[in-house]
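These notebook entries record what I looked up in one structure, feature by feature. I began with a single residue and worked outward from there.

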Amino acid sequence: MDEIRRFDMRKGFWIAVASVLLLAGGVVAAEKKGMAKMPEHTMYTPADIQWVDAPPVLPPGAKMAVLEGDPSKPGFFAMRLKAPDGYKIMPHWHPNVERITVISGTLNMGLGDKFDESKGHAMTAGTYGTMQPKVHHYAWTTGETELQITTLGPWKLVYVNSADDPSKSAKK
């Protein structure tokens, strides 16, 4: 009986060793094929954040900073948006879930196809919200407002009324 247990233990040991070697070989092969290695740790202090003008699909005046990933490609990303007091984004929707955390200021959001401040809800600093794909909504700021969007790309903003799209009016 002891010999059977020793055989089972040895067999289990060698199976474990073979599994580790196969896994290690797969990792080495993946690295040789050029898979991007993820950084172990990334941190941004407010001074480290590189702000640029927001994309033309947003009204002028906002700044954006990508913290992780690429919003134009499939996959996870995190970006910040900073907008001045009174900044408005007309009714629109997104093809993916939108996840927003208000860092500072107040982001007001309303639902529907028409911009109506009386139907909005204030999201003050520290508030987190999600918006499911294709939900029509609009937003405006009270005070300079910074928010973080963390979701899956590609990030796209589609205006309910195409005449509200600033990127189209900029091309004229």
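**Entry: E146.** I first asked whether E146 is buried or exposed. E146 has a relative accessibility of 13% and therefore counts as buried, the limit being under 20%. I note here that the model is a predicted one. I placed E146 in strand β8. I then listed its contacts, leaving out neighbours within four places in sequence: E146 touches W51, R80, L81, K82, T101, V102, I103 and S104.

**Entry: L147.** The next residue I looked up, L147, is also in strand β8. I found L147 buried, because its relative accessible area is 6% and the limit is under 20%. With residues up to four places away in sequence not counted, L147 is in contact with M79, R80, L81, I100, T101, V102, I103 and L107. I also looked up one C-alpha separation: L147 and G105 are 42 residues apart along the chain, and their C-alpha atoms are separated by 8.6 Å.

**Entry: strand pairing around β8.** Which strands pair with β8, and in what sense? I found β8 paired with β3 in the antiparallel sense over nine bridges. In that pairing, F77 has T151 in β8 as its bridge partner. The pairing of β8 with β5 is antiparallel and has ten bridges. There I noted I100 opposite I149 in β8.

**Entry: further partners of β5.** I followed β5 (98-111) to its pairing with β7, which is antiparallel and has four bridges. T101 has Y128 in β7 as its bridge partner. I had already met T101 among the contacts of E146 and of L147. Strand β6, residues 121-124, also pairs with β5 in the antiparallel sense, over four bridges. In this pairing T106 stands opposite T124 in β6.

**Entry: the β2-β3 hairpin.** I turned to strands β2 (residues 63-68) and β3 (residues 75-83), which run antiparallel and are joined by five bridges. The bridge partner of K63 is K82 in β3. K82 is also one of the residues in contact with E146. Six residues lie between the two strands of the hairpin, and G69 takes a positive phi near 75°.

**Entry: the cavity.** How many cavities of 30 Å³ or more does the structure hold? I found one. The space in the largest cavity is about 120 Å³. Its lining has 15 residues, of which L81, I89, H92, E98 and I100 are the closest to the centre. I noted that L81 and I100 both appear among the contacts of L147. At least two lining residues come from each of β4 (88-93), β5 (98-111) and β8 (137-153). By class, I recorded eleven nonpolar, three polar and one charged residue in the lining.

**Entry: backbone details at the loops.** I looked up two loop residues. P154 lies in the loop between β8 and β9 (158-159). The peptide bond from G153 to P154 is cis, with omega near 5°. K134 belongs to the loop between β7 (128-131) and β8. I recorded a positive phi of about 70° for K134, although K134 is not a glycine. K134 counts as exposed, because its relative accessibility is 55% and the limit is over 50%.

**Entry: S169.** Where is S169 found? I located S169 in helix α2, residues 166-170. At 44% relative accessibility, S169 counts as partly exposed. S169 and P56 are 113 residues apart in sequence, and I read 9.7 Å from C-alpha to C-alpha.

**Entry: the whole protein.** I closed with the overall values. The protein has two helices and nine strands. From the N terminus on, I wrote the order of elements as α-β-β-β-β-β-β-β-β-β-α. Of the 172 residues in the protein, 31% are buried. Among contacts between residues at least 6 apart in sequence, 70% join residues at least 24 apart. I recorded an accessible surface of about 11500 Å², of which 60% belongs to carbon and sulfur atoms.

Definitions and conventions
Residues are numbered from 1 along each chain as its sequence is written. This is a predicted model: local features need pLDDT of at least 70, side-chain atom pairs count only at pLDDT 80 or more; totals for chains, interfaces and linings use all residues. Side-chain values use heavy atoms; hydrogens and water are left out. On a 1 Å grid over the protein atoms alone, a cavity is a set of points where a 1.4 Å probe fits but cannot get out, and a pocket is an open set with protein on both sides within 12 Å along at least five of seven lines; lining residues have an atom within 4 Å of a point. Grid points are joined across faces, edges and corners, and a volume is the space filled by probe spheres set on the points. Ala, Val, Leu, Ile, Met, Phe, Trp, Tyr, Cys and Pro count as nonpolar, Asp, Glu, Lys and Arg as charged, and the others, Gly among them, as polar. Buried means under 20% relative accessible area, exposed over 50%, partly exposed in between (1.4 Å probe, protein chains only). Contact means heavy atoms within 4.5 Å. Accessible areas come from the Shrake-Rupley method with a 1.4 Å probe; for residues, only the protein chains shown count as cover. Two strands pair if DSSP finds at least two bridges between them.
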